[in-house]
Structures are given as structure tokens and as C-alpha cells.
Amino acid sequence: MSARRAVARVNVAAIERNCARLRGELHGGAELCAVVKADGYGHGAAQSARAALAGGASWLAVAAASEARELREAGLRDVRVLVMGALTDGELAQALAADADVVVWSERQVQAVRSAGGGKVHVKLDSGMGRLGTRDPAQASRTVAAARDADGVELVGLMTHFATADDLSDDGFFAMQLGRFTEWAMAVKAEQPELIVHAANSAALLREAGAQLDMVRCGIAVYGMDPFGDDPVAQGLEPALQLSSYVAEVKRYETGESAGYGRRFVAERDTWLAVLPIGYGDGWRRGCSNNADVLIAGRRYPVVGTVSMDNITVDLGPDAGEELLGEEAILIGAQGSGPEPITAEEVAKRLETINYEVTCALTPRVPRLYHRDGEPV
């Protein structure tokens, strides 16, 4: 029996191998930045960061100042960290105190960095994402000039972010963004060759070698998930996370009996149901009601009825019984050499979302246990 009601086991060796595989795509001295925001996409930021660095990453990136601070407090003190998100004055001070690089796109932001004691900045051109950054290359160039002139401010990078890199039928939007950004960035870099120019996420790296520039910022692929939402194995990636629970109860149901809130499952035949102590309080989404499979004792079984905060029910069929009480249940991942693994991509497709959300949704109530190909770390 599993010792825990729900647990996410993370193979740091898989993260290392994924980073080595991504580095194998790089050319011309491009560096790999591992994105470990959102607690390492649900895998654990510090452990994932260490594994990524062991696999060949030379930078880390996060979204929030608090995430940079947490990496430093975890002992990751000698690696460059880029905070990519918007920052209040207080958050900016926190990021700079953590010796993190920050992103700017206006003269006002450059002056805020100077007033906070100075630091390293990356100027962001919004080439088409439509979020942070300036859309105006002239404004971006004025920000570059301000950063060069401000005491204590060091201009180190130029960046953008792609909106459709994961969509191979995007009517040329990805190519448009890449062209718009590189036209501006290479003109700036011609005057300051040491600047780090970066744009590519996981999908862009795997899609277009010309998007590598000086550095790539990979997130989802680091954790062995497919940035195109399909098959990680086809991309040479190895999923690092396994989510499991166990069979806490087995009950016999006769035809017409129901289980769960709203009676969304009513037995159409005599059957056995298993109860697993995991639910949306753990991040297993309510949208998985009557809409997911789990692996138990080497077989796939359907989740039936409503996913509640703390429990789900699984239809074991008419021929099963109490012998499955206490068995491990896999919600994401493989179970030995049994049936085909359940991937985050499979769960995402059922939920009509993306694999990112599936692992990021796992709550702190689910402990993360780390191992290296089965050996605890």
C-alpha cells in the first residue's frame, strides 16, 4: 500500500536527460536557460533547477521576485537567474537583492532599477505576444540607451516571447515575430556584441533552429512534456513526474446504485468501485469526472462519478473485488511494464487544456518525492 494518500514522484535524472537532449539541439554557442517558475511547473523549483543545471543549463528563469529569492535561499547562489515578470517597486527591490536580472521596456523602469541600487536588465520588445514589453522598436531602443546611461544599471540582454511557437499552422505569425525581433535586436547587438539575445521557448527550439540566437528559455520540455501537446517520446523527452494514490476502499455496487455528488455515476450493471483518496484539493481537476483513467495492478480503469475535493471513484468492473484494496493507483505516469502510460498530455486533452496546467495545478497538499531512476535523493 502507498504510504501516502497522494504523492508526486519526480525523477530528477529524467530532468537532467531532458536538458541534455535540449542542449543537443543548440548550435553556435547558444546557452540553455531552464524555466523553473510556478514551483518548477509543479515539479519543485529547487530540485528541478539543480537537475537542469546538472543536465547542462547555465541560466534559470522565474516569473516572480519571490521565486528568485527562494532559489537563492535553497543554495542556488552562483547561477544567473532572470525574473521575467512585471515587478512592483517592492518586488524589484527583492529581485535585485537576490542578484537576479530583471526585464525592462521603458525609461521609467530603468530609472527604478537605478534608484533601487542598480542591477542587470534585459530590454523586452513585444514582437507579437501582446503582453509585457513595448511594441515600438524605437521605444525599445530608447530603453536600451537609458540602460546604457544609467549609473549602476548594466544592460545584458534583449528579449521577446513567441505567441504561436507551438502552433505549426499559425499562418506565418511565428516567422513574423522572429523577423521583427531579430531585425531590431541584431542592430542593437551590432553596437554591443556582448549582449545576450534570446527569444525561443521549448516549442521554438524544437521548431526552428534560427530562433536559438544566444540563449533559449525552455520550460515545459525540461520536465519531459511535449510543448506541442502531443507525444513527449516522439520529441525525445522523458516525463519526470508520476502522480499516484492508492485504493483506500472497494465496494460492490448493484445495478441502479450511484456514487458521488450529483449521482453522476449510476451503475448500469453490477460492478465494483474503488475509492482513491485524491481530488481537486490535490489538483486532480473536477473536469476529470467521468473523464479520466487510472492504472491499478497493471490495468486501466475509468474514473466514474464526480471528482470531489478529497476522493475519486474508479469502476473496477464486475469481475474485480476486494483483492485490489491497498493497491497503488497511477493517475499520471507509467506502472511497471503494464499498459500504456497516462501522460499529462492525455489528461490535458480530456480537460481541453494544456499539459502545463495539469502539473502546475498540483497543490502543496501533494508531497513531492525526488528520486534518481528509483533511488531516493
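**Entry 1. Positive phi values**

I started just after helix 10, where Glu352 takes a positive phi of about 55 degrees. I keep in mind that this is a predicted model. Most residues other than glycine have a negative phi. I therefore listed further exceptions to that rule.

Just after helix 5, I found Asp99 with a positive phi of about 55 degrees. Asp39 is another non-glycine residue with a positive phi, near 55 degrees. I placed Asp39 in helix 2, residues 37–41. Its relative accessible area is 41%, so I logged Asp39 as partly exposed.

Asp373 is not a glycine either, and its phi is positive at about 50 degrees. I found Asp373 in the loop between strand 19 (368–372) and strand 20 (375–376). Asp373 is partly exposed, at 47% relative accessibility.

**Entry 2. Helix 10**

I went back to helix 10 and asked how many of its eight residues are buried. Six are, so the helix is largely enclosed by the rest of the structure. I wrote down the buried residues: Ala344, Glu345, Glu346, Val347, Ala348 and Leu351. Two glutamates, Glu345 and Glu346, are on that list.

Next I looked up what the buried residues of helix 10 pack against. I noted strand 15 (293–296), strand 16 (299–304), strand 18 (328–332) and helix 11 (355–360).

**Entry 3. Cavities**

I searched for enclosed space and got two cavities of 30 Å³ or more. The largest holds about 50 Å³. Which residues line the largest cavity? I listed Leu243, Gly283, Trp284, Arg285, Cys288, Ile332, Val347, Leu351, Val358 and Leu362. Val347 and Leu351 of this lining are also buried residues of helix 10.

**Entry 4. Helix 7**

I checked the dimensions of helix 7, residues 137–149. It has 13 residues and reaches 18 Å from its first C-alpha to its last. That is close to the 18 Å expected at 1.5 Å a residue.

I then looked at which residues of helix 7 are buried. They are Gln139, Ala140, Thr143, Val144, Ala146 and Ala147. Down the axis of helix 7, these buried residues fall within an arc of 165 degrees, so they line one face of the helix. The spacing fits the general rule: an α-helix has 3.6 residues a turn, so residues three or four places apart point the same way.

What covers this buried set includes strand 5 (101–104), helix 6 (107–115), strand 6 (119–124), strand 7 (153–159) and helix 8 (173–191).

At the N-terminal end of helix 7 I found a cap, Asp136. One of its side-chain oxygens lies 2.9 Å from the backbone nitrogen of Ala138.

**Entry 5. Ser106**

I looked up Ser106 in the loop between strand 5 and helix 6. Is Ser106 buried or exposed? Its relative accessible area is 14%, so I count Ser106 as buried. Leaving out residues up to four places away in sequence, Ser106 touches Gln139 and Thr143. Both of these are buried residues of helix 7.

**Entry 6. Helix 5**

In helix 5 (residues 89–97), I found Leu92, Ala95 and Leu96 buried. Seen down the axis, they fall within an arc of 95 degrees, so they line one face of the helix. On the other side of helix 5, Gly90 and Ala97 are exposed. I also noted the cover over the buried residues of helix 5, which includes helix 4 (65–73), strand 4 (80–83), strand 5, helix 6 and strand 6.

**Entry 7. Ala34**

I placed Ala34 in strand 2, residues 31–35. At 0% relative accessibility, Ala34 is buried. Not counting residues up to four places away in sequence, Ala34 touches Ala52, Ala57, Trp59, Leu60, Ala61, Cys218 and Val222. I also took the C-alpha distance from Ala34 to Asn201: 9.7 Å, with their places 167 residues apart in sequence.

**Entry 8. Arg263**

My last lookup was Arg263, in the loop between strand 12 (258–259) and strand 13 (265–266). Beyond its neighbours within four places in sequence, Arg263 is in contact with Gly256 and Ser258. The side chains of Arg263 and Ser258 are joined by a polar contact of 2.8 Å. Arg263 and Thr306 are 43 residues apart along the chain, and their C-alpha atoms are separated by 7.8 Å.

How values were computed: Residues numbered from 1 in each chain as written. Predicted model: local features only at pLDDT ≥ 70, side-chain atom pairs only at ≥ 80, totals over all residues. Heavy atoms only, no water. Helix = DSSP H or I, 4+ residues; strand = E, 2+ residues; numbered from the N terminus. Contact = heavy atoms within 4.5 Å. Polar contact = N/O pair within 3.5 Å; in protein donor to acceptor, adjacent residues only side chain to side chain. Expected span 1.5 Å × (residues − 1). Buried < 20%, exposed > 50% of the residue type's maximum accessible area, 1.4 Å probe, protein only. Arc of directions from axis to C-beta. 1 Å grid on protein atoms, 1.4 Å probe; cavity = no way out; pocket = protein on both sides within 12 Å on 5 of 7 lines; lining within 4 Å. Points joined across faces, edges and corners; volume = space filled by probe spheres on them.
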